[in-house]
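Here's a quick briefing to read with the structure open beside you. Take it one topic at a time and find each residue as you go.

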Amino acid sequence: MDVINALVVLANFVIVPGLAYGAQLALGALGVTLIYGILRFSNFAHGDTMAFGTAITIIGTNALIAAGITFGPLPTALIALPLGIAATCLLVLGTDWTVYKFYRTKKAAPVILVIVSMGVMFIMNGIVRFIIGVGDINFADGERFVVTARGFREATGLAEGLAIRTTQVITVIVALIAMALLFWFLNKTRTGKSMRAFSDNEDLALLSGINPDWVVKVTWMIVAALATTAGVLYGLDKSFKAFTYFQLLLPIFAAAIVGGLGSPLGAIAGGFVIAFSEVTVTYAWKRVLGYILPENLAPEALVQLMSTDYKFAVSFAILIVVLLFKPTGLFKGKSV
Amino acid sequence: MNPAIRAPLLFGFVAVLMIGTGIVQGWNSALLILNMGLISAIMALGVNLQWGFAGLFNIGVMGFVALGGLAAVLISTPPTEGAWAAGGWNIVIGLLLGGMTVIGAILAQHRMALGRIRTLTTLAILIAGFFIYRAVFDPGVTAIEAINPSVSGNIGGLNLPVLLSWPVGGLLAAGAAWIIGKTALGLRSDYLAIATLGIAEIIIAVLKNEDWLSRGVKNVIGLDRPVPFEIELQQDPTFVARAVGLGLDPVTASGIYTKLAYSALFAVVLLILLWMAQMALKSPWGRMMRAIRDNETAARAMGKDVTARHLQIFILGSAICGVAGAMMTTLDGQLTPGSYQPLRFTFLVWVMVIVGGSGNNFGAVLGGILIWWLWVQVEPMGLALMQILSSGLEDGSALQTRMIDAAAHMRLLTMGLLMLIVLRFSPRGLIPER
């Protein structure tokens with residue numbers, strides 16, 4: 001019984017939150033990795049792209065709720081998500097046309113593009129603050145829990161409860177759908193295949209008649225969709241704050257690099273690696289150990305390896321270890 | 001335009017801006033902007049050393065600046081009574097043990113033959129070392145943080161003159177830069193960027209959470225000052241008499257006096273660093289750096305140790321940022337770890353370097369002062385603009401409040417636009433590299 005209780009505690013505090021967070025990071029890292037693969041630079045504006053999409057989705061959600069439309073037990077934000085994606089598509093396509101295209105045609109060094117993306121980051125950050133402000137916004141509505149802690153205890157008769165929030169289930173399902181769509185697109189459609197060809201060898205792809213402008217446009221649109229979805233899911237699960245999204249940049253980049261920059265499969269694996277490491281290292285293991293260890297060995301202290309404020313340090317440490325021992329990442333990404 | 005005329009003209013323009021601010025908004029605010037502008041110029045010099053000379057992409061400026069601020073606290077504050085006896089040694093020994101663990105793991109990696117035994121030994125050293133470190137370190141922290149937490153609860157400093165913290169801040173930043181450089185400089189440029197971004201966040205997290213060190217988010221206030229306090233001047237009859245003799249109100253005069261004293265100190269540091277950077281740029285070493293930046297492979301073929309040179313300049317540039325950080329904390333008179341934001345301390349410095357002219361020390365200094373002036377002034381300018389634009393609207397209407405609220409966020413937008421415009425139309429900046 002103790003072992004089951006320990007497992008329930010573990011699931012409640014580590015596995016379920018880790019899965020949800022991992023899915024959010026994976027979606028974010030997919031965007032970063034696609035940009036890196038096709039456009040060949042690290043996009044520092046990605047966190048703010050996510051914030052922009054989420055901000056528009058929140059505005060749409062509020063309008064829907066004001067009009068009396070809700071999604072029943074599910075968050076209304078899911079109905080407003082397409083609006084957010086469309087707006088973000090326009091934003092990134094506009095940015096590409098006004099800003100990035102110039103450097104692409106000039107074949108500027110990747111590091112120049114990174115600096116340019118810093119400028120874009122400033123502007124997007126400003127725009128997000130313009131349209132929605134800097135406050136903490138909670139926009140999750142509908143049913144809060146799929147499984148409540150008390151309901152679980154009563155149903156199973158265990159001492160420990162397991163709570164699964166709707167947003168966590170939705171995060172995982174939506175992320176799975178998005179990833180499945182992406183892989184179907186990349187592997188089965190003509191455009192997707194030309195994107196992969198372009199990523200593998202630009203010159204050969206151009207030689208075989210692939211239209212680079214179209215590939216770039218499609219990439220930006222996919223990135224916009226991924227970024228907005230990731231942002232909305234993160235915001236539903238936690239809350240929306242412009243500054244937090246900027247800070248997400250670090251774990252997202254860590255996930256993309258750990259998986260191997262340019263490799264979509266790697267981005268997903270990296271997202272979960274980073275998320276689970278952050279959660280396990282910052283989790284206080286006292287209760288789990290209390291169940292599985294014999295009584296006289298049960299720990300007095302919290303058995304927390306690091307305080308939660310150091311979660312950046314965890315993604316960073318993993319990043320450094322992977323870079324030192326496997327510079328191309330777990331899934332053999334590019335190393336330009 | 002001829003660069004020989006262009007640079008003095010632009011510096012003259014900045015001087016006009018400052019004097020104009022002084023006339024319109026008062027000399028106290030003009031000097032306030034100038035002081036932070038001088039500090040920003042020093043930060044920009046540091047980043048210019050790394051990016052302009054060597055092409056290293058460091059976006060962890062905030063971390064080095066914060067380390068400088070920590071130095072100001074550790075040097076100038078008096079030691080907390082009983083803190084060393086309570087747990088100081090535990091902390092020192094704990095940190096030493098932690099350091100030895102890492103060194104042990106690195107040695108194991110380097111010395112042992114490749115294989116499973118090496119991996120297992122490294123892991124064993126790391127895990128055992130971590131638990132021993134926590135066992136020694138934690139009691140010390142608990143003991144120190146228990147000492148009078150509402151006013152101290154930290155280990156305190158060495159009670160030395162605060163000016164000494166400026167070079168020490170540089171040393172602290174240099175140490176951190178050495179560790180980062182050793183691990184990340186061999187990798188590609190984007191990875192160095194991410195690594196520096198990460199280390200900056202970690203340094204801020206340490207400052208926010210290690211209460212025994214810097215009181216965390218409870219802040220350290222009332223640091224020593226290298227210049228007299230305004231209130232002392234106001235009570236000094238000779239000063240008051242002289243101020244009145246100049247036709248000034250003693251309160252304003254004391255503010256201007258202390259700020260001018262700071263400006264003089266900062267200007268001296270800036271000029272020394274600028275002179276050193278210019279000498280370095282003109283020396284064979286500077287030419288070698290630029291050669292490495294422009295073509296690493298060719299430089300390597302000429303027998304230059306690229307990684308070692310990169311490490312060298314990375315440490316130097318970061319140390320300059322550390323000095324600037326210590327100066328800033330001295331100017332503020334307090335260390336507030338919560339106020340370090342990457343947009344303000346890392347990316348804004350990058351805007352300064354890019355706009356001023358990367359690779360040109362004078363450009364970096366100009367960019368530092370000019371962009372800081374703009375950063376401060378954009379908000380009131382935006383507000384005025386919004387008030388004019390919304391003046392036709394009904395007073396108190398939703399749109400008008402919205403527009404006036406939005407003025408607060410003009411800064412980021414303007415900085416981003418400025419950066420993109422400069423990168424696009426004048427990628428070498430206002431004062432280009434020669």
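What follows covers confidence, the contact between the chains, the salt bridges and two loop residues.

Keep in mind that this is a predicted model. Its overall scores are ipTM 0.88 and pTM 0.91. Chains A and B bury about 4300 Å² between them, and a search over all chains turns up twelve salt bridges.

**How confident is the prediction?**

- Chain B has an average pLDDT of 89, and 100% of its residues score at least 70.
- Within chain B, helix α14 (residues 306–332) has the highest confidence, at 95.
- The lowest confidence in chain B belongs to helix α17 (residues 398–406), with a mean of 75.

**Where the two chains meet**

- On one side, 50 residues of chain A make contact; on the other, 45 residues of chain B do.
- Interface size is often quoted as the accessible area lost when the parts come together.
- For chains A and B, that area is about 4300 Å², and carbon and sulfur atoms give 76% of it.
- Three residues to look for are F122(A), F130(A) and Y310(A): they supply 18% of the area that chain A buries against chain B, more than any other three residues.
- Don't go hunting for salt bridges across this interface, as the rule finds zero between chain A and chain B.
- There are, however, four residue pairs in polar contact between the two chains, counting pairs with both residues at pLDDT 80 or more.
- Which helices of chain A each supply at least two residues to the side that touches chain B? They are α3 (77–105), α4 (110–132), α10 (242–247), α11 (249–259) and α14 (311–325).
- The largest share of that side comes from α4(A), with 17 residues.
- By type, the residues on the side of chain A that touches chain B split into 38 nonpolar, nine polar and three charged.

**Salt bridges in chain A**

- Side chains of opposite charge can pair when their charged atoms come close.
- One such pair is E202(A) with K107(A), whose closest N and O atoms are 3.9 Å apart.
- E202(A) sits in helix α8 (residues 202–207) and K107(A) in the loop between α3 and α4 of chain A, so this pair ties together parts 95 residues apart in sequence.
- Of these partners, E202(A) is partly exposed at 25% relative accessibility, while K107(A) is exposed at 64%.
- Another pair is D237(A) and R165(A), with 3.5 Å between the closest N and O atoms.
- Here D237(A) belongs to helix α9 (residues 212–237) and R165(A) to strand β2 (residues 164–165) of chain A, so the bridge links parts 72 residues apart in sequence.
- D237(A) is buried, at 6% relative accessibility, whereas R165(A) is partly exposed, at 24%.

**Salt bridges in chain B**

- R225(B) and E230(B) meet through their side chains, 3.5 Å from N to O.
- Both ends are partly exposed: R225(B) has a relative accessible area of 23%, and E230(B) is at 24%.
- R290(B), R293(B), D294(B) and E433(B) are joined into one network by salt bridges that share partners.

**Two loop residues in chain B**

- R215(B) isn't a glycine, yet it has a positive phi of about 65 degrees.
- You'll find R215(B) in the loop between α8 (211–214) and α9 (230–235) of chain B.
- Is R215(B) buried or exposed? R215(B) is buried, with a relative accessible area of 9%.
- N219(B) lies in the loop between α8 and α9 of chain B, and it has a positive phi of about 65 degrees without being a glycine.

Notes. Residues are numbered from 1 along each chain as its sequence is written. Chains are lettered from A and ligands numbered from 1 in the order in which they are written. Side-chain values use heavy atoms; hydrogens and water are left out. Contact means heavy atoms within 4.5 Å. Buried area is the accessible area (1.4 Å probe) that two parts lose on being put together, summed over both. A salt bridge is a side-chain nitrogen of Lys or Arg within 4 Å of a carboxyl oxygen of Asp or Glu. A polar contact is a pair of N or O atoms within 3.5 Å; within protein, one must be able to donate a hydrogen and the other to accept it, and residues adjacent in sequence count only if both atoms are side-chain atoms. Helices (H or I, at least four residues) and strands (E, at least two) are DSSP runs, numbered from the N terminus. Ala, Val, Leu, Ile, Met, Phe, Trp, Tyr, Cys and Pro count as nonpolar, Asp, Glu, Lys and Arg as charged, and the others, Gly among them, as polar. Buried means under 20% relative accessible area, exposed over 50%, partly exposed in between (1.4 Å probe, protein chains only). pLDDT is the predictor's confidence in each residue, from 0 to 100.
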